[in-house]
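These notebook entries record what I looked up in one structure. I begin with charged pairs and then turn to single residues, helices and the whole chain.

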Amino acid sequence: MMYKKTSTLSWPLIWVSSAIVLIGIVNLYSAIYFWGEGVSMALFWSQLAWTLIGIATVIFIAMMDYRFFYRFAFLFFGVACAMLLLSLFTGDAVRGTHGWIKIGSFSIQPAEFAKIAYILVAARFFANNPNPEGYNLRELWQPGLMMSLVVALIVLQGDMGSSIFILCIFVSMALFAKVKTKTLVICVLIAALAGWAVFNFGLKEYQRDRIFTFMNPEADLRGSGYHLMQSKIAVGSGQIFGKGYLKGNINKLRYLPERHTDFIFPVFAEEWGFAGSLVLLILYASLLMIGVDIGAHARDRFGAFTAIGVVSLLFWQLAINLGGVLGLMPLTGVTLPLMSYGGSSMIAILASIGILLSINRKRFMF
């Protein structure tokens, strides 16, 4: 019985995910290790504990029938919105955002779980409302309204980065389901208008500075441009094969900010160089391709749309984090999946991989 359950798992997905998690743990140790000071093990052990909880979550969800999430998608969505609302009024402020709920000595970030909850309700909508001719704006009101609700709650917390994710996931899933050309043009115009309004009236001063820094990073190297400049120096100084493990001087001399969260990739690139970075990117690309393949072979529409939602979540998180630290787009404070420090992010990403495993496992069962 156990052999039957494990033989239908996607082992390539398990091996690739495990490799990225292992690299992330090893790299985190280096990110918090400083020459002459050793390392504060608290962050390391904390991340290790969250990773083990995440692995247990993967195993639990992978052994479940993913259609359980179809039945309770709206319940998960309601709980996620309630947690976002609770964190808005009672949450601790971390780096200017009120998106954290403190439970004992731990803190959780509801926005990370809201992303998965939204994927489930959106997948349920597209599964129940097929439209081969393509959706128009009126037909997309339900997932659009739920997206707007989550985005509004996250924006009120001051977390602009996570709110962009929900919008990107909605757009990705809608495009996969097929949208009429006229609707797509209208959406682009609305997005442009909304972007102008948010930039002029919704962003805080430091968030505008990030956009100005992206357009002209050399304008204020000791102020708003400092983070990005140090990140690019760390990545570039790694050259082809890197400086070696625990030998990245840009990080060790504390020039690199937020090195264990948002800027974890420059730590890796400095020590392992272009060759190591290429291996890491190939692993991430493999993760996305395996997810797409699972979606393409899912046994029903809910499984297919859920898999595409998870892949879009991983893709946009990768693109926005790497784009930000490499200066290809404005910095948004987004973590790198399975690499950055953070319990909520680690558990949420591993839970989404567990859902992919469950979808893949069920395709072999009748």
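**Entry 1: Salt bridges**

I worked from a predicted model. My count of salt bridges came to four. I looked up three of the pairs in turn.

I first examined Asp-65 and Arg-67, whose side chains form a salt bridge with an N to O distance of 2.7 Å. Asp-65 has a relative accessibility of 24%, so I entered it as partly exposed. Arg-67, at 29% relative accessibility, is likewise entered as partly exposed.

I next examined Glu-112 and Lys-115, where the salt bridge is 3.2 Å, N to O. Both residues belong to helix H6, which covers residues 110–128, and they sit three residues apart, about one turn of the helix. I recalled that an α-helix has 3.6 residues a turn, so residues three or four places apart point the same way. Glu-112 and Lys-115 are both buried.

I then turned to Glu-270 and Lys-243, which meet through their side chains in a salt bridge of 2.8 Å, N to O. Glu-270 is in helix H13 while Lys-243 is in the loop between H11 and H12, so this pair ties together parts 27 residues apart in sequence. How accessible is Glu-270? I found 0% relative accessibility, and Glu-270 therefore counts as buried. Its partner Lys-243 is partly exposed, because its relative accessibility is 27%.

**Entry 2: Ser-231 and helix H11**

I looked for Ser-231 and found it in helix H11, residues 226–237. The relative accessibility of Ser-231 is 0%, so I recorded this residue as buried. Which backbone oxygen lies 2.6 Å from a polar atom of the Ser-231 side chain? That oxygen belongs to Val-325. Setting aside neighbours within four places in sequence, I listed the contacts of Ser-231 as Leu-256, Phe-263, Pro-266 and Val-325.

I then considered H11 as a whole. The helix has 12 residues, and its first and last C-alpha atoms are 16 Å apart, close to the 16 Å expected at 1.5 Å a residue. Buried residues in H11 are Leu-228, Met-229, Gln-230, Ser-231 and Ala-234. Their cover includes helix H10 (205–215), helix H12 (249–252), helix H13 (264–296) and helix H14 (301–325). Just after H11, I noted that Gln-239 has a positive phi of about 50°.

**Entry 3: Trp-272**

I located Trp-272 in helix H13. Its relative accessible area is 37%, so Trp-272 is partly exposed. Apart from neighbours within four places in sequence, Trp-272 is in contact with Ile-240, Phe-241, Gly-242 and Tyr-245. I also checked Trp-272 against Val-334, 62 residues apart along the chain, and found 22 Å between their C-alpha atoms.

**Entry 4: Ile-119**

I returned to helix H6, which also holds Ile-119. Is Ile-119 buried or exposed? At 1% relative accessibility, Ile-119 counts as buried. When neighbours within four places in sequence are left aside, its contacts are Ile-169, Met-173, Thr-306, Gly-309, Val-310 and Leu-313. Between the C-alpha atoms of Ile-119 and Ile-20, 99 residues apart along the chain, I recorded a separation of 23 Å.

**Entry 5: Helix H15**

I checked the span of helix H15, residues 343–362. Its 20 residues should span 28 Å at 1.5 Å a residue, and the end C-alpha atoms are 29 Å apart, which agrees. How many of the 20 residues of H15 are buried? I found 20 of the 20, so H15 is largely enclosed by the rest of the structure.

**Entry 6: The whole chain**

I closed with totals. The protein chain contains 15 helices and five strands. Its radius of gyration is 21 Å, close to the 21 Å that the globule rule gives for 366 residues, so the chain is as compact as a globular protein of that length. The C-alpha trace spans about 60 × 55 × 40 Å along its principal axes.

I noted that 50% of the 366 residues count as buried. Of the contacts with a separation of 6 or more, 74% join residues 24 or more positions apart. The exposed area of the protein chain is about 17,100 Å², and carbon and sulfur atoms supply 71% of it.

Notes. Residues are numbered from 1 along each chain as its sequence is written. This is a predicted model: local features need pLDDT of at least 70, side-chain atom pairs count only at pLDDT 80 or more; totals for chains, interfaces and linings use all residues. Side-chain values use heavy atoms; hydrogens and water are left out. Helices (H or I, at least four residues) and strands (E, at least two) are DSSP runs, numbered from the N terminus. Buried means under 20% relative accessible area, exposed over 50%, partly exposed in between (1.4 Å probe, protein chains only). A polar contact is a pair of N or O atoms within 3.5 Å; within protein, one must be able to donate a hydrogen and the other to accept it, and residues adjacent in sequence count only if both atoms are side-chain atoms. Contact means heavy atoms within 4.5 Å. The expected span of a helix is 1.5 Å times one less than its number of residues. The radius of gyration is taken over C-alpha atoms; the globule rule is 2.2 Å times the number of residues to the power 0.38. Accessible areas come from the Shrake-Rupley method with a 1.4 Å probe; for residues, only the protein chains shown count as cover.
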